[in-house]
Amino acid sequence: VPLVNFKYYSTSQLEWRLGLQFYKTSEKLKGDLMEDAGSVTNKKMESYNRITPGVAYHFSSRNILDVYVGASLPFGWDRNRQIGESKYNGVKELNNVTRGSFVIGAGGFIGLQAFVADLPFSIGLEYGFSGLLHTGLKNKHEVQSGDEKQTYYTPSDKDMIKDFGDEGSRYDKLHAKKGEFGSDVRITFSYYFKKK
């Protein structure tokens, strides 16, 4: 789903926020090869999850033109799993690849919003900046061919593979993380419910 923000005003000038963003895909392929050569089953699942609590201070309690500043603390996790199973000439082969990375950061924003007539609806513009730390950027490979089993790790971040020339490298142990900092401009549409 697209990014959704819930806002709660504890006073006319103090606003609490909670942003949610969840995304998941799954794919599956299963089939028998021609001429009884064997069978293949492949599954792929990928998810992206973010939760962003925040707070904003509004300088004016009037609804005509509202200027505010705030801060947020985004965190979440990314998961990826690929399961490959095949059977050739009676030999079973398994190739499972898993990745689970944790993401945490901090950000600040300044915004301007205006309410539409007497409606509980506002249109706004926000400028924000944030930094994120991605940890656990590694793939765990569990490979089995017949009775032989092997476990190793590879980097999962494409930029890291390109920058360090690590494509094809296999590790017994691996620690990989990445930090990033950026800014963005957001257009906001808000609908308000009055507390009774």
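With which side chain does the side chain of Arg 17 make a polar contact of 2.5 Å? Select Arg 17 and Glu 15 in your viewer: the polar contact runs between these two side chains, at 2.5 Å. Keep in mind that you are looking at a predicted model.

**Stop one: around Arg 17**

Stay with Arg 17, which sits in strand β2. Now add Glu 126, whose side chain is joined to that of Arg 17 by a polar contact of 2.5 Å. To fill in the surroundings, show residues from elsewhere in the sequence that touch Arg 17, including Phe 6, Lys 7, Thr 52, Tyr 68 and Phe 109. Is Arg 17 buried or exposed? Its relative accessible area is 11%, so Arg 17 counts as buried.

**Stop two: the largest pocket**

Next, move to the largest pocket, with a volume of about 1200 Å³. It is lined by 42 residues, and Arg 17 is among the closest to its centre, along with Asn 5, Phe 6, Lys 7 and Gly 19. Colour β1 (4-9), β2 (14-32), β3 (38-58), β6 (91-115), β7 (121-134) and β10 (178-191) to see the elements that each give two or more residues to this lining. Linger on β10, which gives the most, with 11 residues. Colouring by class brings out 17 nonpolar, 16 polar and nine charged residues in the lining.

**Stop three: the second largest pocket**

Finally, visit the second largest pocket, of about 360 Å³. Select some of its lining residues, among them Glu 46, Asp 78, Arg 99, His 134 and Lys 178. Two or more lining residues come from each of β5 (75-88) and β6. By class, this lining holds one nonpolar, five polar and six charged residues.

How values were computed: Residues are numbered from 1 along each chain as its sequence is written. This is a predicted model: local features need pLDDT of at least 70, side-chain atom pairs count only at pLDDT 80 or more; totals for chains, interfaces and linings use all residues. Side-chain values use heavy atoms; hydrogens and water are left out. On a 1 Å grid over the protein atoms alone, a cavity is a set of points where a 1.4 Å probe fits but cannot get out, and a pocket is an open set with protein on both sides within 12 Å along at least five of seven lines; lining residues have an atom within 4 Å of a point. Grid points are joined across faces, edges and corners, and a volume is the space filled by probe spheres set on the points. Helices (H or I, at least four residues) and strands (E, at least two) are DSSP runs, numbered from the N terminus. Ala, Val, Leu, Ile, Met, Phe, Trp, Tyr, Cys and Pro count as nonpolar, Asp, Glu, Lys and Arg as charged, and the others, Gly among them, as polar. Buried means under 20% relative accessible area, exposed over 50%, partly exposed in between (1.4 Å probe, protein chains only). A polar contact is a pair of N or O atoms within 3.5 Å; within protein, one must be able to donate a hydrogen and the other to accept it, and residues adjacent in sequence count only if both atoms are side-chain atoms. Contact means heavy atoms within 4.5 Å. Lists of a residue's contacts leave out its neighbours within four places in sequence.
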